[in-house]
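Got your viewer open and a selection box ready? Load the model below and we'll walk through it stop by stop.

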Amino acid sequence: MAPVDPTEARFAAVPAKAGHYESFYLKLCHPSEPLGAWIRYTVHKRPGEAPSGSLWFTLFEPGGPRAAKRTAPGPASGGGDWLRVGDARIGADGASGAIGEGFAWELALESAEQPLFHLPRSWMYRARLPRTKLLSPAPAARFSGRLSVEGREIAVDGWRGMVGHNWGAQHAERWIWLHGLTPEGDWLDAAIGRVKLGPATTPWIANGALSLAGDRHALGGPGRNVEVEESPDHCTFLLAGRGGLQVRGTVSAPRERFVGWVYADPDGSEHHTVNCSIADMRLSVSRNGRAASELVVPAGAAYELGMRERDHGMAIQPFPDG
């Protein structure tokens with residue numbers, strides 16, 4: 001079986017009658033200040049309709065997010081670009097784009113890390129189930145370039161972050177995405193979800209990895225313990241790996257630092273999604289009862305929660321999806 005290409009856009013091969021969504025995204029943070037950005041290039045296709053592309057941009061800082069979105073017809077890929085939306089592009093060398101007169105970015109990226117495949121088997125990326133496919137072409141990366149936000153020019157030099165890619169026919173019923181990268185290069189990249197199966201919803205299922213001193217440890221998967229207590233601005237979790245590995249963690253941020261978006265499924269149903277990419281993360285890592293090691297990511301971790309409810313009290317950006 002051919003290996004999975006982590007950066008191949010899937011939308012062009014979707015049958016006309018089928019629905020599809022797809023996203024390439026960047027998360028990058030200043031190395032010492034609570035300042036970061038989250039940029040998404042997405043495709044949305046309702047059954048029987050042509051796909052549209054969107055650009056999503058958020059600048060995170062203590063005073064609150066600055067966010068914008070633009071949707072255009074005719075997304076494309078190829079020629080060295082993973083995805084193009086209008087004149088904006090993302091590829092192996094970086095990303096560029098603009099939304100109106102107020103938001104623009106020109107970023108180069110470098111990564112020595114191998115891609116992270118969250119799903120434990122390659123066939124799962126080709127099968128009908130799971131309905132959401134997730135991987136990280138660059139789970140740890142460095143960024144340089146510039147951001148322009150409402151007349152403010154921000155130099156990007158040595159910012160730490162990642163590049164992700166997901167696609168599918170349906171979002172999870174509820175999901176959490178966690179990412180943290182320390183100055184020493186250790187990182188956590190994990191997705192935790194509850195999936196709708198007919199009338200039932202599964203317990204939390206985790207997939208991801210922890211990298212310590214260059215050694216990568218798979219987390220989650222079938223039969224592995226997952227414990228989660230979540231709210232829109234805080235999460236505590238326990239993720240298990242092989243050999244008795246356990247990762248206990250917390251991630252949180254003040255509510256005013258989150259951005260909220262509407263995410264639509266191809267069938268028209270919607271989630272509210274809140275994200276803070278300058279959250280505080282603390283991890284305690286132990287194996288077989290031995291003394292735990294601590295990892296801390298201050299004001300540089302990502303916490304995302306996707307949910308059905310509307311009474312969460314978080315501000316949602318006034319942009320439709322789909």
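The tour goes through pockets first, then aromatic rings, then salt bridges. Keep in mind that this is a predicted model.

**Stop 1: the largest pocket**

Select Pro130, Thr132, Ala172, Gly193 and Val195, the lining residues that lie nearest the centre of the largest pocket. The pocket has a volume of about 1000 Å³, and 47 residues line it. Now colour the strands: those giving two or more residues to this lining include S1 (20-29), S2 (36-45), S11 (132-149) and S13 (174-181). Which strand gives the largest share? That is S2, with 5 residues. Colour the lining by residue type and you should get 26 nonpolar, 13 polar and 8 charged residues.

**Stop 2: the second largest pocket**

Next, pick Phe117, Leu119, Pro120, Ala218 and Arg242, which lie nearest the centre of the second largest pocket. Its volume is about 400 Å³, with 22 residues in the lining. Strand S18 (215-220) is one of the elements that supply at least two of them, and S18 gives the most, 5 residues. By type, the lining splits into 11 nonpolar, 7 polar and 4 charged residues.

**Stop 3: the rings**

On to the aromatics, where there are 12 pairs to find. Start with Phe57 and Phe103, a tilted pair at 5.6 Å centre to centre with 55° between the planes. Phe57 sits in strand S3 (52-60) and Phe103 in strand S9 (103-110), so this pair ties together parts 46 residues apart in sequence. Buried or exposed, Phe57? It counts as buried, at 0% relative accessibility; Phe103 is buried too, with a relative accessible area of 9%.

Then show Tyr125 with Trp167. Their ring centres are 5.9 Å apart and the planes meet at 40°, so this pair is tilted as well. Tyr125 is in the loop between S10 and S11, while Trp167 belongs to strand S12 (152-168), 42 residues away. Both Tyr125 and Trp167 are buried. While you have Trp167 up, add Arg10: it lies over the face of the Trp167 ring, 4.1 Å from the ring centre.

For a bigger group, select Trp56, Trp175, Trp261, Tyr263 and Phe319, which ring pairs link into a cluster. Trp56 has a charged partner too: the charged end of Arg40 sits over its ring, 4.5 Å from the centre.

**Stop 4: the salt bridges**

There are 12 salt bridges in the structure. Try Glu61 and Arg152, whose closest N and O atoms are 2.9 Å apart. Glu61 is in the loop between S3 and S4, Arg152 in strand S12, with their positions 91 residues apart in the chain. Glu61 is buried at 14% relative accessible area, whereas Arg152 counts as partly exposed at 36%.

Jump to Arg216 and Glu113, another salt bridge, with 3.0 Å between the closest N and O atoms. Here strand S18, which we met at the second pocket, holds Arg216, and the loop between S9 and S10 holds Glu113, 103 residues apart. Arg216 is partly exposed at 33%, and Glu113 is partly exposed at 25%.

Glu309 and Arg174 meet at 2.9 Å, N to O. Glu309 lies in the segment after strand S24 (293-307) and Arg174 in strand S13, so the bridge ties together parts 135 residues apart in sequence. Arg174 is buried, with a relative accessible area of 15%, while Glu309 is partly exposed at 27%.

Finish by selecting Asp81, Arg84, Arg89 and Asp93, which are linked in a network of salt bridges.

Conventions. Residues numbered from 1 in each chain as written. Predicted model: local features only at pLDDT ≥ 70, side-chain atom pairs only at ≥ 80, totals over all residues. Heavy atoms only, no water. 1 Å grid on protein atoms, 1.4 Å probe; cavity = no way out; pocket = protein on both sides within 12 Å on 5 of 7 lines; lining within 4 Å. Points joined across faces, edges and corners; volume = space filled by probe spheres on them. Helix = DSSP H or I, 4+ residues; strand = E, 2+ residues; numbered from the N terminus. Nonpolar A, V, L, I, M, F, W, Y, C, P; charged D, E, K, R; others polar. Phe/Tyr/Trp six-rings, centres within 6.5 Å; stacked < 30°, edge-to-face > 60°. Buried < 20%, exposed > 50% of the residue type's maximum accessible area, 1.4 Å probe, protein only. Lys NZ or Arg CZ within 6 Å of the ring centre and 35° of its normal. Salt bridge = Lys/Arg side-chain N within 4 Å of Asp/Glu carboxyl O.
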